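Reader: I have a structure to look at and some terms I would like explained. Could you take me through them?

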Amino acid sequence: MFPPFPQEKAAKILEELILSLQNGEVELVQIARPSQERKNHGVMLGALVCKDKNGNEVKLVTNSGNAKKIENRKRKTENDFFGEIVFVGTIVSAEEIENALAENDKEIHEITKEIQKLKENPTEGNTAHCSLLTAHLKQLCSASLSKVHALYKFHCIDGNVRTLKEICAMYNGGKLPPTGTGDCCAPKLLDYAFAHDLMPISLAETNYNCSAAEDYRVRDCSGCEAVRVANEATAEPKKARPEESEANEGKRPIAPCTLHTANLIPPCDERCGILLPAMLGLRILWRDESICVVNKQSGLLSVPGRGEDKQDCIESRFRRLFGDKVEIKQPAVHRLDMETSGIMILAFTKEAHRELNRQFEAKEVQKEYVALLDGVLPKMGIAPHGTMELFFRLDVDNRPHQIWDAENGKLAVTEWQILGVERYHAPDGTTRNVTRVLFMPHTGRTHQLRLASSDSHGFGCPIIGDTLYGHCDEGERLMLHAKKISFTHPLTGKQMIFECEPEF
């Protein structure tokens with residue numbers, strides 16, 4: 001995922017941290033036995049610079065995983081750089097995880113051995129029994145990992161504390177996340193920051209290859225069978241470590257460390273990509289000094305509405321997250337309907353906002369949407385590709401609905417392409433045929449694509465989940481997503497193209 005904050009300030013702290021680790025002033029202390037799979041992989045180091053309520057900078061550092069922790073072994077002095085650093089620990093300790101896994105671990109281990117024996121003698125009976133045991137093993141592993149996931153809770157920028165289960169329901173389709181979710185640097189640092197009312201301003205992470213020789217104090221949870229089995233399918237290949245000569249053994253390099261952009265690693269997609277949007281309130285696709293591109297979730301307003309209950313929106317979350325970096329009160333360059341998901345652009349500066357507004361007005365911005373329509377368009381005689389021109393205006397007696405008006409309505413031009421017919425699985429368990437359509441609007445009228453789909457002058461086939469012009473079952477959402485956008489960067493003049501696939 002894209003780094004949510006500028007990296008420069010935090011990267012300088014990582015430089016100092018790595019140099020201090022190499023000089024022995026700071027140490028990575030082993031507090032749990034590492035898994036054999038990751039024994040020589042090293043760790044990630046992370047730094048976060050925040051501001052407290054008084055505007056003072058607070059610097060945080062941590063390492064990935066729960067088998068090691070950073071300790072400052074040097075006596076703190078007035079000039080000690082790390083005397084003012086907060087060393088952030090784990091959200092859940094290895095011991096807590098091991099205790100959660102202990103109940104099923106023995107049985108999982110025994111079943112795993114039995115499955116291996118059956119595979120060595122693949123008779124018809126053994127194969128059938130092996131299938132039954134494998135299904136039971138998966139159930140046990142899922143139950144054990146569910147207990148582990150239940151331990152993780154995260155402080156978020158809005159003041160709420162969310163469980164991993166709640167976050168997965170919001171950002172992972174309710175599926176169990178990969179093992180280790182919550183043990184990366186970024187969520188640890190942000191959890192600490194929000195728990196202590198600190199506002200992040202710079203975040204950076206990098207790899208650090210430390211010595212494999214460790215002082216094991218307790219057994220690491222990664223050795224438990226539930227975790228081992230779950231990790232087998234997704235285990236990363238081992239990376240060879242540079243051989244150390246006898247002449248260098250025990251010596252620590254003291255040359256200054258310089259972290260270039262290429263050495264910094266953004267938060268990972270598979271784990272942090274689930275957690276950080278919930279913790280920060282935004283899915284950030286791109287951010288620089290001028291603009292920010294986000295993936296808006298369905299059900300969230302683009303801009304504030306009327307009333308206190310309608311103040312939570314993309315704009316307010318953007319201002320809350322970036323504070324005084326946002327120069328304008330209304331940073332959204334364009335809007336998406338509350339029920340529509342997908343790509344939105346916001347501006348940090350007045351100049352960027354003004355230039356992007358000009359591009360939208362001059363129709364220089366190209367957009368693509370994906371929708372699921374509640375019917376089979378080819379059977380209705382709809383061509384695979386085409387362009388329609390429709391005229392709509394506000395229904396003043398039924399706001400915010402739009403109605404057809406060939407005389408007083410505004411022109412809405414929409415290009416479409418039928419992508420295919422597929423089976424749709426509704427929340428109530430039923431299935432039916434629907435049509436996936438790519439929309440390319442040439443104008444930007446209110447509810448343009450929803451009307452192009454549902455109105456009799458268009459397809460006469462509403463988008464699934466449309467509460468205004470169609471039907472929305474319980475647990476359903478509007479199946480409309482802003483998939484792609486292209487524009488010219490307001491500062492650099494470079495062509496910018498962003499794509500973000502829908503969740504449906």
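Author: What follows is a set of questions about the words used for this predicted model.

Reader: How do you know which parts of the model the predictor is confident in, and what is the mean pLDDT of the protein?

Author: The pLDDT is the predictor's confidence in each residue, from 0 to 100. Its mean over the protein is 87, and 86% of the residues reach 70 or more. Over residues 212-256, however, the pLDDT is below 50. Beyond near neighbours in sequence, that stretch still has 80 contacts in the model.

Reader: How many helices and strands are there, and what share of the residues is buried?

Author: The protein has 10 helices and 18 strands. Of its 504 residues, 48% are buried, and buried means under 20% relative accessible area. As for contacts with a separation of 6 or more, 70% of them are between residues 24 or more positions apart.

Reader: What makes helix 5 mostly covered?

Author: The count of buried residues does. Helix 5 spans residues 185-195, and 9 of its 11 residues are buried. Because buried means under 20% relative accessible area, each of those 9 residues falls under that cut-off. Among them are Cys185, Pro187, Lys188, Asp191 and Phe194. The cover over the buried residues includes strand 2, strand 3, strand 6, strand 8 and helix 7. Just after helix 5, Asp197 has a positive phi of about 60°.

Reader: How do you know that strand 2 and strand 8 pair, and in which sense do they run?

Author: Two strands pair if there are at least two bridges between them. Strand 2 (residues 43-51) and strand 8 are joined by 9 bridges, so they meet that condition. They run antiparallel. One of the bridges sets Met44 against Asn207 in strand 8.

Reader: Why are strand 5 and strand 8 called edge strands?

Author: Strand 5 (85-87) and strand 8 (199-208) each pair on one side only. They belong to an open sheet of 4 strands in the order 5-3-2-8, with mixed pairing. From one strand to the next, the twist averages 20°.

Reader: What makes strand 11 mostly covered, and which strands does strand 11 pair with?

Author: In strand 11 (residues 341-347), 7 of 7 residues are buried. Strand 10 (residues 291-296) is joined to strand 11 by 6 bridges, and the two run antiparallel. There Lys296 has Gly342 as its bridge partner. Strand 17 (residues 480-488) pairs with strand 11 in the parallel sense over 2 bridges, which meets the minimum of at least two bridges. Ser341 stands opposite His481 in strand 17.

Reader: Why is one space called a cavity and another a pocket?

Author: In a cavity a 1.4 Å probe fits but cannot get out, whereas a pocket is an open set of points. The search of the whole structure finds 2 cavities of 30 Å³ or more. The largest cavity has a volume of about 50 Å³, and its lining includes Met388, Phe392, Thr414, Arg445 and Leu451. Strand 13, strand 15 and helix 10 each give two or more residues to that lining.

The largest pocket has a volume of about 1,900 Å³. It is lined by 47 residues, of which Arg335, Leu336, Asp337, Thr446 and His447 lie nearest its centre. Helix 9, strand 12, strand 16, helix 10 and strand 17 each supply at least two residues of the lining of the largest pocket.

How values were computed. Residues are numbered from 1 along each chain as its sequence is written. This is a predicted model: local features need pLDDT of at least 70, side-chain atom pairs count only at pLDDT 80 or more; totals for chains, interfaces and linings use all residues. Side-chain values use heavy atoms; hydrogens and water are left out. Contact means heavy atoms within 4.5 Å. Axes are lines fitted to C-alpha atoms, for helices over the stretch in contact, and angles run from 0 to 180 degrees between N-to-C directions. Buried means under 20% relative accessible area, exposed over 50%, partly exposed in between (1.4 Å probe, protein chains only). On a 1 Å grid over the protein atoms alone, a cavity is a set of points where a 1.4 Å probe fits but cannot get out, and a pocket is an open set with protein on both sides within 12 Å along at least five of seven lines; lining residues have an atom within 4 Å of a point. Grid points are joined across faces, edges and corners, and a volume is the space filled by probe spheres set on the points.
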